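Got your viewer open and ready to click around? Let's take a short tour, one selection at a time.

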Amino acid sequence: MRNLIRNMKPYKGFVLVMLVLLIVQAWADMSMPQYTSDIIDTGIQNKGIEHLLPEKILEDEYESAQIFMDDGQKSDWQNAYRKTDKTVKGKTVYQIKDLSEEKLDSLDDELLTPIVLTYELGHMSVSQYKKILVQSMSKNPATAQMVSQIQGMTIDQIKALPNMNIKTFKAKDENGKVKTYVDARPAVQSLIASGAMDDNAIQQMKDQNNKVISKIGDETLKSMGIAYASDCSKKAGVDLDKVQMDYLWRCGGRMFLMAGLMLVVSVIVALFASRVGANIGRDLRSKVFSRVMKFSSAEMSKFQTSSLITRASNDVQQVQMVSTMMLRMVLYAPILAVWGIVKVAQTKAQMNMVIVGGVLTIMTVVLILMAVALPKFKIMQKLVDKLNGVSREILTGLQVIRAFGREDVEEKKFDRANQELKKTQLFTNRVMTFMSPIMTLIMYGLTVIITWVAAHRIDSGDLQVGAMTAFITYSMIIVMSFMILTVMSIILPRAGVAADRIQEVITTEPTILDREDAGTLDVSSGEVTFSHVDFRYPDADENILTDINFTAKPGETTAIIGSTGCGKSTLVSLLPRFYDVTGGAITIDGQDIRDVSMKSLRENIGFVQQKGILFSGTIASNLRFGNDEASDDVIREAAETAQATEFIGEKEDGFESFIAQGGSNVSGGQKQRLSIARAIVKAPKIMVFDDSFSALDMKTDAQLRKALDKQEKDATKIIVAQRVGTILHAEQIIVLDDGEIVGKGTHEELMKNCEEYRQIAESQLSSLELEGRA
């Protein structure tokens, strides 16, 4: 995880911009459920009316509304309206003033109870009205005797009594049945005006009605207040259909704008995340490649080639993909979760424990899945390495496999590696397949539980349908946020393993480096001297080379011969610093090669390995590999020296003939000759041939060495050879045995003085050939 975050540091500016954009997106996202709730509760159920105070109200309603208001409430009510010149059915119309939303919300809270009491007083059932009338009359000695009569009267008989200025009207009840309702407000106003009802009586009626409405939920209470405002506004001539449609269009327009904002922001964030992820992938590939290019043979032996390929491709791809997902999802999920929790709290739905239970269930499931699958994720990358290694080995040695008829064996070997990877991937995939159905079950189960709990609260009047819809949406957002985080917590470890593997390559310091004060190699003649050189491989207990002393002079050929495994190739690999000596020193014209830069050192050495390595391109591009500016004449002359013009001329395109990757479309001898020609084109002062004549026939070998002596007569030539015939005429022959020099001199001298050399020569040449050579 630490390495994943480290990779993003160069792009922290982009990350900060994305964080701001994600906050904007979350704000827009969190606004949508509230708009949906407003459309359902206010736009549909409340006909677009947002506040308890009617937009317009007739004079009689304006006065009736103040029955249960105290002096302060009456003052606020009267200050909220202005009298207009308009009339409806002879009644003056009052218009609400231009008040702020904050002021209207404050008046809603302050005037809710008296307005609802007034609404209830104007919409009483006959039985309810009789009950309140009996209770009020029984407390007054002057009217107590009428109580028994009232209970047996019809509503029309009651209306005929003195001071019973009540109105009746018919309306449908909650079950759809038409019933008679009583508007007792005129009667109460008459009683107040006549003095028959004083403040104490009003308070008693208020207390009595409070007992009734206290059993009603807050949301139902507010709906009753909205119904009062709707009724008053309609009577005053307000077009409620237009009010409703205006509100719905207004909310719908805001939702559309929020959706558009979310679309634009999400596209920008996705673009930035993809760009940052792609740049991270590019940077990691560049870092891995540049670091590997600096590795010595010691580091290359530590990391297998197949592993380096996997790290530079598959691992980088994993990091790139997860980095993009982190920026797009992991940053967004916590913002949504926190904001969703705040919104849930604001709904006051009192179902928070349902959300907590859902989140805990999800986390429990994910932790179980992580415990099962996570160890396999760590193994998977190693199995990919193994499969790549087996594939590379088989494809590289395909001809040998066919020659020995080992196709079936190698196929089984590949199949074993393939099956191991398949089993691990199947196991992790099967475990992860449980994730989606379990999460879906939890989400829909949570929706059912919320709906069930909310239905009871809606029935009790404590919650509205729109609020329930918003709560469900917020709940799903919170659950989805935690689900994203938990899913990412499973994906991240695999990417973390990949990032660690990449970082291991990047942080591995090459053991062979230029010194800070390294100079430039100034080659005048090219004399190479090995002075008491010792060498052992890293972590080895014994030396591979011990006390190597010799000087290779310009214009001469120094040959190195010995039995297999005696250290010949290792010895010449020390010259271009593929390895560094562990004892002694190597100098060129008196300069220690460790005191000069590797670039200037290698520019003066033409190194030809036994296994000629060619690159995809043309013959000409391969020959110019060490000297891009070489002319056609130079590469042609080098090819003639290397005895390569004959087979080049046979090709249709000559020097422009195509060379496949690794030189797979030319023979081993042709590859060696082209490799030698490539070194000649470079025109170095020192030439090293590491058994690079082994694939040539004796005639071509002799012709090539003769032309080479003529062409590169001033160069210092060091030849590693297995064949005595290749080095018979060398000015100096070094005989190695078990990493030590056991002979040094010309062929004639060594035949007399070195038993090891004599045995090698006699095993390869007949006595007549040896005598002739002598």
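Before the first click, one cut-off: buried means under 20% relative accessible area, exposed means over 50%, and partly exposed is what falls in between. Keep in mind, too, that this is a predicted model.

Start by selecting Arg 282. Its relative accessibility is 43%, so Arg 282 counts as partly exposed. Now add Asp 283, the partner of Arg 282 in a salt bridge whose closest N and O atoms are 3.0 Å apart. Asp 283 is partly exposed as well, with a relative accessible area of 23%.

Next, pick Asp 701 and Arg 723. These two side chains meet in a salt bridge, at 2.6 Å from N to O. Asp 701 sits in helix H27 (residues 698-711), while Arg 723 is in the loop between strand E16 (716-720) and helix H28 (724-727), so the pair ties together parts that are 22 residues apart in sequence. Is Asp 701 buried or exposed? It's buried, at 1% relative accessibility. Arg 723, on the other hand, comes out as partly exposed at 23%.

Now jump to Lys 235 and Glu 61. They form a salt bridge too, with the closest N and O atoms 3.5 Å apart. Lys 235 belongs to helix H11 (residues 218-235) and Glu 61 to helix H3 (residues 59-64), so this pair ties together parts that are 174 residues apart in sequence. Glu 61 is buried, with 6% relative accessibility, whereas Lys 235 is partly exposed at 40%. Keep both selected and add Asp 231: Glu 61, Asp 231 and Lys 235 are linked in a network of salt bridges. How many salt bridges are there by this rule? The count comes to 19.

Time for the surface. Select Arg 2, Arg 6, Lys 9 and Lys 12, which form a positive patch. Zoom in on Arg 6: you'll find it in helix H1 (residues 2-8), partly exposed with a relative accessible area of 32%.

For a negative surface patch, select Asp 539, Asp 541, Glu 542, Asp 547, Asp 737, Asp 738, Glu 740 and Glu 756. Click on Glu 740 and you land in strand E18 (residues 740-745). At 41% relative accessibility, Glu 740 is partly exposed.

Last stop: the cysteines. Select Cys 251, which is buried at 2% relative accessibility, and then Cys 566, also buried, with a relative accessible area of 2%. If you go hunting for disulfides, the structure holds zero.

Methods
Residues are numbered from 1 along each chain as its sequence is written. This is a predicted model: local features need pLDDT of at least 70, side-chain atom pairs count only at pLDDT 80 or more; totals for chains, interfaces and linings use all residues. Side-chain values use heavy atoms; hydrogens and water are left out. Patches are made of residues with over 30% relative accessible area and no salt bridge: like charges are joined within 9 Å, nonpolar side chains (Val, Leu, Ile, Met, Phe, Trp, Tyr) within 5 Å. Accessible areas come from the Shrake-Rupley method with a 1.4 Å probe; for residues, only the protein chains shown count as cover. A salt bridge is a side-chain nitrogen of Lys or Arg within 4 Å of a carboxyl oxygen of Asp or Glu. Lys and Arg count as positive and Asp and Glu as negative; His and the chain ends are not counted. The place of a charge is taken as NZ of Lys, CZ of Arg, CG of Asp or CD of Glu. Helices (H or I, at least four residues) and strands (E, at least two) are DSSP runs, numbered from the N terminus. Buried means under 20% relative accessible area, exposed over 50%, partly exposed in between (1.4 Å probe, protein chains only). A disulfide is a pair of cysteine sulfur atoms within 2.5 Å.
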